[in-house]
Amino acid sequence: MVAALAAVGTFVTANAALLQGIGTAVSAFGAISSARAQQKQYNAQAAQAKIQGRTQAIQYKQQGADVLRNINETLAMTTARAGQFGDPTLGSALALQKFALKEGYGEYGTSIDNSQLALAGAAAQASIYRQAGRTAMVGGMFQAAGTLGEGIYRQTQLRPVLSA
């Protein structure tokens with residue numbers, strides 16, 4: 001009877017060790033899967049950041065085009081009005097045109113700079129997200145390795161019990 005109970009105990013201990021090993025493997029796989037999902041999320045955020053940067057850049061370029069259109073309208077208006085009263089290339093009409101050109105080209109340059117900054121900022125943010133994704137993946141791998149190592153250690157602790 002004692003031998004039968006010992007055999008049952010050994011069987012239960014062996015199955016417990018097997019279940020523990022399976023649980024460890026599933027836990028490690030879960031850590032890797034979670035890390036992979038987190039990396040995909042960060043990659044999606046990186047793509048979204050780049051799209052937002054491009055959208056902002058387009059808006060700034062449109063703003064620059066609007067500035068150029070306004071310059072042309074201002075020049076045409078001052079030329080037309082000055083033409084009514086004499087030579088449009090002299091005096092206050094010329095001064096107004098020079099002022100409009102100076103201010104307009106300054107605004108245009110600012111809008112182009114803003115466009116480039118939006119693209120650069122988006123690229124930097126996307127890079128940060130991609131790096132966070134890589135870090136999450138590496139962390140998940142280390143967590144999985146730690147889980148497997150812990151499971152192996154537990155298995156080695158159970159072997160003397162199984163051998164007895």
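# Notebook: a predicted two-helix chain

I began with Arg154, which is partly exposed, with a relative accessible area of 40%. I kept in mind throughout that this is a predicted model, and I went on from this one residue to its partner before turning to the chain as a whole.

**Entry 1, the Arg154 pair.** I looked up what the side chain of Arg154 meets, and found a salt bridge with Glu150, at 2.4 Å from N to O. Both residues lie in helix α2, four residues apart, which is about one turn of the helix. Glu150 also has 40% relative accessibility and therefore counts as partly exposed, since that class lies between the 20% limit for buried and the 50% limit for exposed.

**Entry 2, the chain overall.** I then asked how many helices and strands the protein chain holds. I found two helices and zero strands. Helix α1 covers 2-85 and helix α2 covers 91-163. Of the 164 residues in the chain, 20% are buried. I noted an accessible surface of about 11100 Å² for the protein chain, with 64% of this belonging to carbon and sulfur atoms. Among contacts in the chain with a separation of 6 or more, 88% are between residues 24 or more positions apart.

**Entry 3, Thr24 and Thr147.** To follow contacts that are distant in sequence, I took up Thr24, whose place is in helix α1, and Thr147, whose place is in helix α2. Setting aside neighbours within four places in sequence, I found Thr24 in contact with Thr147, Leu148 and Gly151. Looking from the other side, and again not counting residues up to four places away, I found that Thr147 touches Thr24, Ser27 and Ala28. Are these two threonines buried or exposed? Thr24 is at 10% relative accessibility and so counts as buried. Thr147 has a relative accessible area of 19% and is buried as well, a value that I checked with some care because the class requires a figure under 20%.

**Entry 4, Ala123 and Ala47.** I looked next at Ala123, which is found in helix α2 and is partly exposed, with a relative accessible area of 35%. Its C-alpha atom is separated by 9.4 Å from that of Ala47, although the two residues are 76 residues apart along the chain.

**Entry 5, salt bridges in α1.** A search of the whole structure gave three salt bridges, and having recorded the one between Arg154 and Glu150, I turned to those of Arg69. Which residues are linked with Arg69 in a network of salt bridges? They are Asp66 and Glu73. The bridge from Arg69 to Asp66 has its closest N and O atoms 3.0 Å apart, while for Glu73 and Arg69 the closest N and O atoms are 3.5 Å apart. As for position, Arg69 and Asp66 are three residues apart in helix α1, so they are separated by about one helical turn. Glu73 and Arg69 also both lie in helix α1, four residues apart, again about one turn of the helix. I checked the accessibility of each member in turn: Asp66 is partly exposed, with a relative accessible area of 26%, Arg69 counts as partly exposed at 43%, and Glu73 is partly exposed, with a relative accessible area of 45%.

**Entry 6, the positive patch.** I then looked for charge at the surface, and found a positive patch formed by Lys50, Arg54, Arg130 and Arg134. The elements giving two or more residues to this patch are α1 and α2. I looked up one of its members, Lys50, which lies in helix α1 and counts as partly exposed at 33% relative accessibility. That figure meets the requirement for a patch residue, because such residues need over 30% relative accessible area.

**Entry 7, the nonpolar patch.** Which residues make the nonpolar surface patch of about 410 Å²? I found Leu18, Leu19, Ile22 and Val26. I followed up Leu19, which lies in helix α1 and counts as exposed at 59% relative accessibility.

Methods:
Residues numbered from 1 in each chain as written. Predicted model: local features only at pLDDT ≥ 70, side-chain atom pairs only at ≥ 80, totals over all residues. Heavy atoms only, no water. Buried < 20%, exposed > 50% of the residue type's maximum accessible area, 1.4 Å probe, protein only. Contact = heavy atoms within 4.5 Å. Areas by Shrake-Rupley, 256 points an atom, 1.4 Å probe, with all protein chains shown as cover. Patch = residues over 30% accessible without salt bridge, like charges linked within 9 Å, V, L, I, M, F, W, Y side chains within 5 Å. Salt bridge = Lys/Arg side-chain N within 4 Å of Asp/Glu carboxyl O. Lys, Arg positive; Asp, Glu negative; His and termini not counted. Charge placed at Lys NZ, Arg CZ, Asp CG, Glu CD.
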